[in-house]
Amino acid sequence: MNELVEFLGVTKSYDSKKIAVDNVTLKLPKGKIIGLLGPNGSGKTTLIKMMNGLLVPTSGSIRINGVPVGAQTKAMVAYLPDRTYLTGNKTVSHILDYFVDFYADFSRERAEQMLANLGIDPSARMNSLSKGTKEKVQLILVMSRNADLYVLDEPIAGVDPAARDYILRTIINNYNPEATVLISTHLISDIEQVLDEVVFMRYGKLVLYTSVDNIREEKGKSVDAYFREVFAC
Amino acid sequence: MLGKIIKYEFKDTSKICGLILLVIAVMTLIGALGLILPVKFMSDERNFSNDLSSGLWIMMLTMTMILYVIMLMGVTYGMMIYQGVHFYKTMYSDEGYLTQTLPVTKHQLLIGKTLVAGIWYLLVMICVGISVVLLVLSLAVALNEGLPSSSEIMEFRQGMREGLTMMNFRVTRVVISAILAALITPFSTMLMIFGALTIGQLSGKYKALMGILAYFGVMIVNMILSNIMQFIFSFGSIFTARVVEGSTGVAGAYDSAIIVGLIMGGGMYFISHYILTKRLNME
């Protein structure tokens with residue numbers, strides 16, 4: 001079995017008028033870097049939150065490694081949300097202790113190495129760090145895990161181009177090659193070169209799931225150009 | 001994993017909760033001094049003749065006692081509010097994105113958080129009790145210029161024993177009920193706060209506000225249930241002819257607190273668990 005994630009008729013509606021994800025059925029394989037692409041409000045984040053148990057689907061089911069979303073799947077998934085959860089006056093080192101205690105696949109050594117590369121002091125308190133540095137610490141925490149699935153929600157949004165390069169390098173150099181990386185973004189041109197496959201979403205529906213090579217060969221276009229064509233206003 | 005949750009909950013809350021306990025200690029000291037100094041001054045006949053200064057001492061005594069009572073109430077409610085805010089922040093705000101994605105079950109999360117919050121609240125209750133006892137003792141010291149002698153204590157105990165025997169008062173029964181009620185109440189109180197805040201999550205907007213409103217609703221249910229239980233216990237004692245037993249009323253009050261605590265705490269735990277597993281909505 002090569003499938004890592006299986007969405008089966010997944011729907012999430014907040015009320016009868018607002019359907020965030022509409023009957024999505026999709027199987028994501030192991031060992032791929034997949035872009036979850038779509039304009040704002042297309043349901044990318046909602047889908048990701050359901051994979052991480054932060055939202056409960058209205059109908060349908062999600063399985064990761066054949067297991068329904070729950071405590072067991074959370075041990076397999078390294079999740080980078082679209083917001084900073086590192087607040088207060090805890091030190092970076094305290095957060096590392098926390099991850100070491102809760103995640104069996106977390107490598108403190110790798111995290112400390114990445115922190116050193118970026119010149120982030122492990123004794124620094126979270127409330128003394130800039131927003132950008134907090135985001136980098138959060139990414140380091142996620143990429144220091146040896147997870148089966150990395151789910152990164154808008155990892156390059158709101159950071160400068162140099163930081164984007166660093167983030168993409170961090171993802172490429174640190175993820176477990178057996179694992180799948182799912183990256184949600186609308187900044188396609190920046191991540192296109194690292195993607196194996198793409199999922200297009202619009203109005204909560206699955207529009208397209210194909211490989212990047214397929215788009216280049218069949219459409220003769222880059223993913224970015226094809227995205228602009230599909231989602232032209 | 002439960003042990004790890006408890007460990008980090010204690011780490012995260014120890015600073016503020018330790019400060020609250022320190023406030024109780026400082027208030028006890030101020031309260032004791034505010035009680036001893038005026039009583040000592042006024043017990044001196046030479047000073048008592050001075051109306052102005054004795055008036056000032058009485059005012060100081062009154063103000064200190066008012067401040068002491070307000071502060072004790074403040075720390076008790078302060079601990080409840082702090083635990084509620086801490087729960088909300090770590091479960092349903094941005095920090096919740098970390099807490100809710102930990103590889104732990106919802107039972108482990110709820111039990112860990114309730115245990116730690118309940119233990120802190122229990123500690124506050126114990127410290128408030130010790131503070132009041134110390135204040136009464138300091139008053140005794142001020143009035144007698146020393147702690148009561150062992151013969152005085154023996155005499156007091158003997159008198160109490162005779163009085164309680166006459167009333168057919170079962171001390172052990174009351175003490176056991178009181179201890180059980182004191183142990184259950186802090187945890188059920190925390191579960192009611194956490195449960196109400198979790199119910200607030202069902203709202204589309206203004207989740208925190210809805211949580212506070214839900215808490216008032218829970219408090220009303222709690223009050224109604226307490227009154228029903230009190231009625232059952234007092235009404236039941238008439239029919240079982242146990243009214244002659246002096247301890248029945250007191251023990252009944254504690255028993256009803258235990259039952260209400262178990263029903264409300266248990267109910268709110270299962271509601272919270274249901275919402276966390278089936279209706280979690282981290283928008």
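A residue counts as buried when its relative accessible area is under 20%. Keep that cut-off in mind as you look through these views of a predicted model.

**View 1. Chain A as a whole, with 53% of its 233 residues buried.** Let's start with the overall picture. Chain A contains 9 helices and 10 strands. Its radius of gyration is 18 Å, which agrees with the value near 17 Å for a compact globule of 233 residues. Along the principal axes, the C-alpha atoms fill a box of roughly 50 × 35 × 35 Å. Of the contacts with a separation of 6 or more in chain A, 70% are between residues 24 or more positions apart.

**View 2. The surface and charges of chain A, whose accessible surface comes to about 9900 Å².** Carbon and sulfur atoms hold 46% of that surface. Chain A also carries 27 positive and 27 negative charges. How far apart are the mean positions of the positive and negative charges? They are 6 Å apart.

**View 3. An open sheet of 4 strands in chain A, with the order 2-1-4-5.** The pairing in this sheet is antiparallel. Strand 2 (19-29) and strand 5 (67-68) are the edge strands, as each pairs on one side only. Here is a handy reminder for any sheet: strands pair through backbone hydrogen bonds, either parallel or antiparallel.

**View 4. Strand 1 (residues 3-13) beside strand 4 (residues 59-64) in chain A.** These two strands pair in the antiparallel sense over 5 bridges. Which residue of strand 4 is the bridge partner of Glu6(A)? Find Arg63(A), and you have the partner. Val5(A), in turn, stands opposite Ile64(A) of strand 4.

**View 5. The hairpin of strand 4 and strand 5 in chain A.** The two strands run antiparallel and are joined by 2 bridges. Arg63(A) appears again here, this time with Pro68(A) of strand 5 as its bridge partner. There are 2 residues between the strands, and in this hairpin Asn65(A) takes a positive phi near 55°.

**View 6. Helix 1 (residues 44-51) of chain A, largely enclosed by the rest of the structure.** Why is this helix described as enclosed? The reason is that 7 of its 8 residues are buried. Among them are Leu47(A), Ile48(A), Met50(A) and Met51(A), along with Lys44(A) and Lys49(A). Just after the helix, look for Gly53(A), which takes a positive phi of about 75°.

**View 7. Helix 3 (residues 92-102) of chain A, a mostly covered helix.** Of its 11 residues, 8 are buried. The buried residues include Val92(A), Ile95(A), Leu96(A), Tyr98(A) and Phe99(A). His94(A) and Asp101(A) are buried as well.

**View 8. Thr76(B) in helix 3 (residues 51-92) of chain B.** We now move to another chain. Is Thr76(B) buried or exposed? Its relative accessible area is 13%, so Thr76(B) is buried, because the cut-off for buried is under 20%. Leaving aside residues up to four places away in sequence, Thr76(B) touches Tyr121(B), Val124(B), Met125(B) and Val128(B).

Key. Residues are numbered from 1 along each chain as its sequence is written. Chains are lettered from A and ligands numbered from 1 in the order in which they are written. This is a predicted model: local features need pLDDT of at least 70, side-chain atom pairs count only at pLDDT 80 or more; totals for chains, interfaces and linings use all residues. Side-chain values use heavy atoms; hydrogens and water are left out. The radius of gyration is taken over C-alpha atoms; the globule rule is 2.2 Å times the number of residues to the power 0.38. Buried means under 20% relative accessible area, exposed over 50%, partly exposed in between (1.4 Å probe, protein chains only). Contact means heavy atoms within 4.5 Å. Accessible areas come from the Shrake-Rupley method with a 1.4 Å probe; for residues, only the protein chains shown count as cover. Lys and Arg count as positive and Asp and Glu as negative; His and the chain ends are not counted. The place of a charge is taken as NZ of Lys, CZ of Arg, CG of Asp or CD of Glu. Two strands pair if DSSP finds at least two bridges between them.
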